[in-house]
Amino acid sequence: MDSQLTTRVASEQDIESIRMIYNQGIEDRIATLETEQKDLTFMKNWFKQHQGRYKVLVAEHNGKVVGW
């Protein structure tokens with residue numbers, strides 16, 4: 001069976017997956033200059049600020065969020 005990568009508008013249920021990917025980038029120091037890990041409270045507030053015109057998108061592979 002061929003697996004597909006799909007994109008969609010993120011929902012609140014995706015916040016933890018987005019946080020994990022974000023923090024991985026902070027740990028690796030490849031994708032950001034940030035140095036402090038983000039907690040769930042920070043990410044929930046961040047997500048609320050990214051509604052409306054500039055929505056957050058996620059990429060899914062086999063039902064798992066793999067990017068945003």
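Reader: What share of the contacts in the protein with a separation of 6 or more comes from residues 24 or more positions apart?
Author: In this predicted model, such residues account for 57% of those contacts. A contact here means heavy atoms within 4.5 Å.

Reader: Which pattern does the protein follow along the sequence?
Author: Read that way, you get β-α-α-β-β. That fits the tally of two helices and three strands.

Reader: How do you know that the span of helix H1 agrees with its number of residues?
Author: Let's check. H1 has 14 residues, 15–28. The expected span is 1.5 Å times one less than the number of residues, so H1 should span 20 Å. Its end C-alpha atoms turn out to be 20 Å apart, which agrees.

Reader: Which residues of H1 are buried?
Author: Ile15, Ile18, Arg19, Tyr22, Asn23, Gly25 and Ile26 are. To be called buried, a residue needs a relative accessible area under 20%.

Reader: What puts them on the same side of H1?
Author: Look at the arc: they cover only 155° around the axis, which puts them on the same side of H1. There's a general idea to keep in mind here: an α-helix has 3.6 residues a turn, so residues three or four places apart point the same way.

Reader: What do the buried residues of H1 pack against?
Author: Two elements: helix H2 (40–49) and strand E2 (57–61). On the face turned away from that buried side you'll find the exposed residues Met20 and Glu27.

Reader: Why is Arg29 called exposed or buried?
Author: Set the value against the cut-off. Exposed means over 50%, and Arg29 has 54% relative accessibility, so Arg29 counts as exposed. You'll find Arg29 in the loop between H1 and H2.

Reader: What makes the phi of Arg29 worth a look?
Author: Its sign. Most residues other than glycine have a negative phi. Arg29 isn't a glycine, yet its phi is positive, near 60°.

Reader: Where is Asn62, and what is its phi?
Author: Asn62 is in the loop between E2 and strand E3 (64–67). Its phi is positive too, about 50°, although Asn62 is not a glycine.

Reader: Why does Asn62 count as exposed or buried?
Author: Use the cut-off again: with 57% relative accessibility against a limit of over 50%, Asn62 counts as exposed. Asn62 still has some partners, though: leaving aside neighbours within four places in sequence, Asn62 is in contact with Ser3 and Gln4. Asn62 and Thr6 are 56 residues apart in sequence, and their C-alpha atoms are 8.8 Å apart in space.

Reader: Why is Trp68 called buried, partly exposed or exposed?
Author: Its relative accessible area is 43%. Buried needs under 20% and exposed needs over 50%, so Trp68 is partly exposed. Trp68 sits in the segment after E3.

Reader: Which residues does Trp68 touch, not counting those up to four places away in sequence?
Author: The list is Ile18, Ile21, Tyr22, Trp46, Val56, Leu57 and Val58. Take Leu57: Leu57 and Trp68 are 11 residues apart in sequence, and 5.5 Å apart in space from C-alpha to C-alpha. Ile18 and Tyr22 have come up already, among the buried residues of H1.

Reader: How many residues does the protein have, and what percentage count as buried?
Author: There are 68 residues, and 29% count as buried. As for the surface, the protein exposes about 5300 Å², with carbon and sulfur atoms supplying 51% of it.

Technical notes. Residues are numbered from 1 along each chain as its sequence is written. This is a predicted model: local features need pLDDT of at least 70, side-chain atom pairs count only at pLDDT 80 or more; totals for chains, interfaces and linings use all residues. Side-chain values use heavy atoms; hydrogens and water are left out. Helices (H or I, at least four residues) and strands (E, at least two) are DSSP runs, numbered from the N terminus. Buried means under 20% relative accessible area, exposed over 50%, partly exposed in between (1.4 Å probe, protein chains only). The arc is that of the directions from the helix axis to the C-beta atoms. Accessible areas come from the Shrake-Rupley method with a 1.4 Å probe; for residues, only the protein chains shown count as cover.
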